[in-house]
Structure formats: structure tokens, C-alpha cells
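Subject: A structure for you to look at

Hello,

I am passing a structure on to you, and I hope you enjoy exploring it. Please open it first, then read on for what turned up.

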Amino acid sequence: MASYKGHLAFAAPLGFVYGGMASSQLGMDPTTAMLGAALTTVGGLLPDLDSDSGVPVRELFSLAAVLVPLLMWRRLMNANFSDEFLFLFLVCVYVLIRFVVSRVFKKLSVHRGMYHSIPAMLISGLIVYLAYHHPSAQTRLFLAIAVMLGFLSHLVLDEMCSVDFNGFTIKLNKYAGSAVKFFSPSIVGTATTYLILIALGYLAVLDVERTMGTELLPASLRLAPSSAVKPL
Ligand SMILES: [Zn+2]
């Protein structure tokens with residue numbers, strides 16, 4: 001298992017390259033490219049939210065408590081809430097993630113369980129895609145891929161080797177085979193992860209339909225009549 005510093009040292013340059021290429025090759029706005037680079041870096045640390053190793057995990061939940069309200073900012077601004085309601089809502093989201101979600105997560109998660117898996121990586125991308133409201137689907141996709149890229153780098157690094165960046169030693173990991181996976185021995189953990197993935201995937205498809213004004217889902221999979229799909 002690579003260390004916190006090891007993951008940071010791997011994900012940060014990866015984010016730099018990802019953001020740099022998007023800016024230079026695809027003409028992405030530099031600020032958005034930098035946001036993507038930052039999300040790749042954070043994504044590279046995310047899977048270890050399930051570890052009990054103290055400070056980095058607390059830091060990560062603090063970071064998530066700030067980042068999630070920021071990602072939701074555009075969406076909330078579009079909803080025309082009053083300033084007071086917005087402020088209260090953002091404070092509530094911060095407190096909820098920092099103190100409630102972090103404790104529940106710690107109780108429920110097992111280190112190297114389903115949180116270290118490919119479906120969890122997809123969930124992280126879907127959360128970013130859904131939370132970040134932007135007129136450009138390309139920008140939202142860019143940011144969703146950014147966090148998934150970082151997440152994947154973490155899984156691969158965990159899977160491949162134990163990297164000690166202080167001593168520059170690389171050796172085969174005794175946990176090899178437990179990070180880049182689709183299922184865990186826990187049926188409940190696996191089922192819960194896939195249920196979350198399906199629910200978020202469904203919301204993402206509805207979101208794409210709404211923003212693009214097209215229908216992707218068959219009528220049998222709709223909870224509401226298709227006439228409810230209308231552009232924002
Ligand atoms: Zn890990």
C-alpha cells in the first residue's frame with residue numbers, strides 16, 4: 001500500500017499533465033484546467049478515506065466538506081434561493097460531511113473494501129458530474145474524468161506495489177489484487193456500491209437528457225412521463 005505522500009506525489013503530477021494537455025491540446029480554459037488538475041490530485045487521495053490512519057483522513061473529510069459545497073455553487077445559484085438560505089445550506093452541507101458522514105463512513109467502511117474499487121471510482125466521477133452545474137457538458141465531463149483519473153491512479157498504485165517515496169523503495173504489495181476490483185467478499189458492501197452506482201448513473205442520464213433536450217432512456221425505465229423531460 002502506497003503511503004499518503006506516495007499517492008500525492010503520483011496524483012499531483014498526473015493532474016498537472018492532464019490539466020496541461022486539456023489546456024494546450026483541447027483549448028480548455030486555464031482556470032478550468034487547473035481545477036481539473038486539483039481534482040485529479042484529490043482523487044488520488046480519495047480511496048484512503050476508508051483507512052483509519054488519522055490525520056490525512058480527517059484532512060480529506062475537511063477538504064471534501066469544503067469542495068462539495070463549492071462544486072454545488074453554480075447549481076444553487078441557478079435555483080434562485082435567497083442569500084441567507086444559501087449560506088445556511090452551505091454551512092449545513094459542511095457540518096454534515098465533516099462530522100456526520102465522516103463518522104458514519106468510518107463505522108461502515110472496511111479498509112480496502114468496496115471503496116477501493118472500479119465502481120467506487122465511477123461513483124466519484126458521477127458525483128462530480130452531477131454536483132458541478134455548468135452549461136458545457138464537456139467541462140463537466142472533463143472534471144468528472146479528472147477525479148476518476150486520480151482515483152484510478154490510487155487503485156493502480158495500491159495494486160502494484162508498496163512505494164516509499166522517502167526511501168525510494170518499490171516492492172510487491174502483500175495486498176496485491178485487492179484494489180483494482182469490481183467486487184469484494186462482502187455481499188452487502190458490493191450490493192450497496194452497485195445500488196449507489198446505478199442510482200447516480202440514472203440521475204446522470206436524466207441530467208444529460210435534460211441538458212441536451214433528448215431522450216436516452218426507454219419509456220419503461222422512466223419514473224415520470226417523458227413529457228417531464230424539458231431543457232433548463
Ligand atoms: Zn489505498
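How far apart are His154 and Asp158 in helix 6, counted in residues and in helical turns? Keep in mind as you look that this is a predicted model. The two residues sit four apart in helix 6, which covers residues 137-160, so about one helical turn separates them. Both His154 and Asp158 are buried, which means that each has under 20% relative accessible area.

**The zinc ion**

His154 and Asp158 also belong to the group of residues that hold the zinc ion. The protein donors are Asp48 (OD), His116 (NE2), His154 (NE2) and Asp158 (OD), and they lie 2.0 to 2.3 Å from the ion. If you go along the sequence, the spacing of these donor residues reads D-x67-H-x37-H-x3-D.

Why is the arrangement around the zinc ion called irregular? The angles subtended by the four donor atoms run from 87 to 173°, and that makes the arrangement irregular. For four donors to count as tetrahedral, all angles would have to lie between 85 and 135 degrees.

**The largest pocket**

Next, have a look at the largest pocket, which holds about 1400 Å³ of space. It is lined by 43 residues, and those closest to its centre are Val101, Phe105, Tyr115, Ile123 and Ile127. Five elements each give two or more residues to this lining: helix 2 (30-43), helix 3 (55-78), helix 4 (83-108), helix 5 (118-131) and helix 7 (187-212). Helix 3 contributes the most, with eight residues.

What kinds of residue make up the lining of the largest pocket, by class? There are 34 nonpolar residues, eight polar ones and one charged one.

**Aromatic rings**

Finally, some rings to find. Searching the whole structure gives five aromatic pairs. In one of them, Phe85 and Phe89, the ring centres are 6.2 Å apart and the planes meet at 20°, so this pair is stacked. Planes under 30 degrees apart count as stacked.

Phe85 and Phe89 are four residues apart in helix 4, so about one helical turn lies between them. Each is partly exposed: Phe85 has a relative accessible area of 39%, and Phe89 has one of 28%. Ring pairs also bring in Phe81, linking Phe81, Phe85 and Phe89 into a cluster.

Happy exploring, and best wishes!

How values were computed. Residues are numbered from 1 along each chain as its sequence is written. This is a predicted model: local features need pLDDT of at least 70, side-chain atom pairs count only at pLDDT 80 or more; totals for chains, interfaces and linings use all residues. Side-chain values use heavy atoms; hydrogens and water are left out. On a 1 Å grid over the protein atoms alone, a cavity is a set of points where a 1.4 Å probe fits but cannot get out, and a pocket is an open set with protein on both sides within 12 Å along at least five of seven lines; lining residues have an atom within 4 Å of a point. Grid points are joined across faces, edges and corners, and a volume is the space filled by probe spheres set on the points. Ala, Val, Leu, Ile, Met, Phe, Trp, Tyr, Cys and Pro count as nonpolar, Asp, Glu, Lys and Arg as charged, and the others, Gly among them, as polar. Donors are N, O and S atoms within 2.8 Å of the metal (3.2 Å for Na, K and Ca); water is not among the atoms, so sites may look incomplete. Four donors count as tetrahedral if all angles lie between 85 and 135 degrees; four count as square planar and six as octahedral if opposite donors are over 155 degrees apart and all others between 65 and 115; anything else is irregular. Buried means under 20% relative accessible area, exposed over 50%, partly exposed in between (1.4 Å probe, protein chains only). Rings of Phe, Tyr and Trp (its six-membered ring) pair if their centres lie within 6.5 Å; planes under 30 degrees apart count as stacked, over 60 as edge-to-face and the rest as tilted.
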